[in-house]
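I opened a fresh notebook page for this one and kept my notes in the order I looked things up. Here is the model, so you can follow along.

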Amino acid sequence: MSDSAGGETLLFLTDEQLRQAIEAMFFAYRGFTADPDRILATMAYGRAHHRALHFIARVPGTTVNNLLEILGVTKQSLNRVLRTLVEDGLVESQVGRTDRRERHLYLTDAGAALEQRLSDAQRARMRAAFRQAGPQAVAGFRTVLEAMMDPEMRRRYHALREKGA
C-alpha cells in the first residue's frame, strides 16, 4: 500500500473508530504501567517516581528545571517526589559547577537498579507486543505517537533520542 493510499483511508476514520482507538490507548496504558505499578506499590512509590527515575537515567546530570519541563508537573509535586527519592538513597542531587543555583540529578546504584527493574518490565511487554504486531506496525505506531505530540514535546523527544542513542 502506498503512503498516499494509506493516508487517504486514514482521513476517513469515523468517530466510532476514533473512540475505539482512544479506548485502546487507555487500556494499553493500563497494561504498560501495570507491571511497574506492582513493583512501585511495594515501596510506597507511584508513577511520578517512576517517570523521574526514567528520565534521570536517560539524561544523567539533568537539571531539576529540565525534568520539570519534560514531566510537565508543578515544582511542588516534583520536589516532593525528588525529596523522597533522595532521602531513600535512589537519587543524588549535586550543585551545578557553573551555576550554583542549579541542581543536577543522578541515580545512585540503588536507583539505577530500581529503574532497570521497572524498565525491564515495560520493555518485556513492549517487545512481546512489537514482535506480535510486526515491523510495519511498529513503525506506524511510532509515527502515530510522534504525530500526537505537541511540536515542542516532539522536539524534546527527538533531542532525548539523539542524546541517548
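**Entry: Pro60**

I began with Pro60, which sits in the loop between helix 3 and strand 1. This is a predicted model, so I read everything below as a description of that prediction. Is Pro60 buried or exposed? I found a relative accessible area of 57%, and because the cut-off for exposed is over 50%, Pro60 counts as exposed. Leaving out residues up to four places away in sequence, I see Pro60 touching Leu105 and Tyr106. I also checked Pro60 against Leu85: they are 25 residues apart in sequence, and their C-alpha atoms are 15 Å apart in space.

**Entry: the whole chain**

Next I stepped back to look at the protein overall. I counted eight helices and three strands in its secondary structure. Read from the N terminus, the elements go α-α-α-β-α-α-β-β-α-α-α. Along the principal axes, the C-alpha atoms fill a box of roughly 55 × 35 × 30 Å. Of the 165 residues in the protein, 27% are buried. I also looked at contacts with a separation of 6 or more: 52% of these are between residues 24 or more positions apart.

**Entry: the sheet**

How are the three strands ordered? I found an open sheet with the order 1-3-2 and antiparallel pairing. Strand 1 (62-63) and strand 2 (91-95) are at the edges with a single partner strand each, so one side of each has no neighbour in the sheet. Helix 3 (residues 47-58) packs on this sheet and touches strand 1, strand 2 and strand 3. I get about 95 degrees between the direction of helix 3 and that of strand 3.

Then I went through the pairings. As a reminder to myself, strands of a sheet pair through backbone hydrogen bonds, in a parallel or an antiparallel way. Strand 2 and strand 3 (residues 103-107) run antiparallel and are joined by five bridges. Among the partners I noted, Glu92 bridges to Tyr106 in strand 3, and Val91 bridges to Leu107 in strand 3. Strand 1 and strand 3 are also antiparallel, with two bridges between them. There, the bridge partner of Thr63 in strand 3 is His104.

**Entry: Gln94**

I picked Gln94 in strand 2 for a separate look. Which residues does Gln94 touch, not counting residues up to four places away in sequence? My list is Glu102, Arg103, His104 and Tyr106. Gln94 is partly exposed, at a relative accessible area of 33%. I also took the distance to Gly111, 17 residues from Gln94 along the chain: the two C-alpha atoms are separated by 15 Å.

**Entry: helix 3 against helix 5**

Back to helix 3, this time with helix 5 (residues 75-87). Their axes come within 10 Å and cross at roughly 70 degrees. Angles of 65 to 115 degrees count as roughly perpendicular, and helix 3 and helix 5 are therefore roughly perpendicular to each other. Which residues make the contact? Helix 3 contributes Ala48, His49, Ala52, Leu53 and Ile56, while helix 5 contributes Val81, Leu82, Thr84 and Leu85. Sorted by class, I get seven nonpolar, two polar and no charged residues in this contact. Leu85 is a familiar name here, as I had already paired it with Pro60 for a distance.

**Entry: Ala44**

I also checked backbone angles. Most residues other than glycine have a negative phi. Ala44 has a phi near 65 degrees, which is a positive value in a residue other than glycine. Where is Ala44? I located Ala44 in the loop between helix 2 (15-41) and helix 3. With 68% relative accessibility, Ala44 counts as exposed.

**Entry: aromatic pairs**

Last lookup of the day: how many aromatic pairs are there in the whole structure? My search turned up one. The partners are Phe130 and Phe141, edge-to-face, with 5.9 Å centre to centre and 65 degrees between the planes. Phe130 is in helix 6 (residues 109-133) and Phe141 is in helix 7 (residues 135-148), eleven residues apart. I looked up the accessibility of both rings' residues too. Phe130 is partly exposed at 24% relative accessible area, and Phe141 counts as partly exposed at 37%.

Conventions:
Residues are numbered from 1 along each chain as its sequence is written. This is a predicted model: local features need pLDDT of at least 70, side-chain atom pairs count only at pLDDT 80 or more; totals for chains, interfaces and linings use all residues. Side-chain values use heavy atoms; hydrogens and water are left out. Two strands pair if DSSP finds at least two bridges between them. Helices (H or I, at least four residues) and strands (E, at least two) are DSSP runs, numbered from the N terminus. Contact means heavy atoms within 4.5 Å. Axes are lines fitted to C-alpha atoms, for helices over the stretch in contact, and angles run from 0 to 180 degrees between N-to-C directions. Angles under 35 degrees count as roughly parallel, over 145 as roughly antiparallel, 65 to 115 as roughly perpendicular and the rest as oblique. Ala, Val, Leu, Ile, Met, Phe, Trp, Tyr, Cys and Pro count as nonpolar, Asp, Glu, Lys and Arg as charged, and the others, Gly among them, as polar. Rings of Phe, Tyr and Trp (its six-membered ring) pair if their centres lie within 6.5 Å; planes under 30 degrees apart count as stacked, over 60 as edge-to-face and the rest as tilted. Buried means under 20% relative accessible area, exposed over 50%, partly exposed in between (1.4 Å probe, protein chains only).
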